[in-house]
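The following paragraphs lead the reader through a single molecular structure, from its overall form to some of its individual residues. Please keep the sequence and the model in view while reading.

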Amino acid sequence: MLSDEYTVDLIERRVQMTDCVNKGWILDGMPKNKTQCEMLIRRGLGPSAVFSMCLSDNDIKKRVLQAK
């Protein structure tokens, strides 16, 4: 497992790349804990928006099967 510091370092480097700077970026499943959240905020990578999707297991299965 990667340390929180290393994980946030990787994210910080990636979002500074031209495509992310020009088009924006989304983190899925991140931050996973309070430490990661605080580290992202300290580095200026706090969210500008947050959303959550709640789907039933059946809906998830349907979407996955349709994507193939």
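A residue is called buried when its relative accessible area is under 20%, exposed when that area is over 50%, and partly exposed in between. These words recur throughout the account below. The model under discussion is a predicted one.

Consider the overall form. The protein chain contains four helices and zero strands, and its elements follow one another from the N terminus in the order α-α-α-α. Along the principal axes, the C-alpha atoms occupy a box of roughly 40 × 30 × 25 Å. The radius of gyration of the protein chain is 15 Å, whereas a compact globule of 68 residues would have a value near 11 Å. Of the 68 residues in the protein chain, 15% are buried. The chain exposes about 6,000 Å², and carbon and sulfur atoms supply 55% of that area. Among the contacts with a separation of 6 or more, 48% join residues 24 or more positions apart.

Which residues make up the largest nonpolar core? There are eight in all: Val8, Ile11, Val15, Cys20, Met30, Met39, Leu40 and Leu45. Two helices, α1 (4-15) and α3 (34-42), each supply at least two residues of this core. The largest share, three residues, comes from α1. As a general matter, nonpolar side chains tend to be buried together in soluble globular proteins.

Helix α3 shows how a helix can present two sides. Gln36, Met39 and Leu40 are buried in α3. These three residues lie on the same side of α3, because they cover an arc of only 100 degrees around the axis. Lys34, Ile41 and Arg42, on the other side of α3, are exposed. Against which element do the buried residues of α3 pack? Their packing partner is α1.

Two residues may be followed from the side of α1. Val8, a member of the core, is in contact with Met30, Gln36, Met39, Leu40 and Arg43, once its neighbours within four places in sequence are left aside. Gln36, Met39 and Leu40 in this list are the buried residues of α3 named above. Thr7 is also found in helix α1. Its relative accessible area is 17%, so Thr7 is buried. With neighbours within four places again left aside, Thr7 is in contact with Leu2, Met30 and Gln36. Met30 and Gln36 thus appear among the contacts of Val8 and among those of Thr7.

Met30 leads on to the loop between α2 and α3, where Pro31 is found. The peptide bond from Met30 to Pro31 is cis, with omega near 5 degrees. In general, most peptide bonds are trans.

The loop between α2 (18-23) and α3 also holds Trp25. Is Trp25 buried, partly exposed or exposed? Its relative accessible area is 35%, and Trp25 is therefore partly exposed. Not counting residues up to four places away in sequence, Trp25 touches Val15, Cys20 and Leu45, and these three residues belong to the largest nonpolar core. Trp25 and Arg14 are 11 residues apart in sequence, and their C-alpha atoms are 9.6 Å apart in space.

The cysteines deserve separate attention. How many disulfides does the structure hold? There are zero. The sulfur of Cys20 is 19 Å from the closest cysteine sulfur, in Cys37, and this is too far for a bond. For comparison, a disulfide requires the two sulfur atoms to be within 2.5 Å. Cys54 is likewise in no disulfide, and its nearest cysteine sulfur, that of Cys37, is 19 Å away. The surroundings of these residues can be set side by side: Cys20 counts as buried, at 9% relative accessibility, whereas Cys54 is exposed, with a relative accessible area of 73%.

The account ends in helix α4 (residues 57-67), which includes Ala67. With a relative accessibility of 68%, Ala67 counts as exposed. Ala67 and Thr18 are 49 residues apart in sequence and 28 Å apart in space, from C-alpha to C-alpha.

Note on methods. Residues numbered from 1 in each chain as written. Predicted model: local features only at pLDDT ≥ 70, side-chain atom pairs only at ≥ 80, totals over all residues. Heavy atoms only, no water. Core = buried A, V, L, I, M, F, W, Y, C linked by side-chain atoms within 4.5 Å. Buried < 20%, exposed > 50% of the residue type's maximum accessible area, 1.4 Å probe, protein only. Contact = heavy atoms within 4.5 Å. Rg over C-alpha atoms; globule rule 2.2 N^0.38 Å. Areas by Shrake-Rupley, 256 points an atom, 1.4 Å probe, with all protein chains shown as cover. Arc of directions from axis to C-beta.
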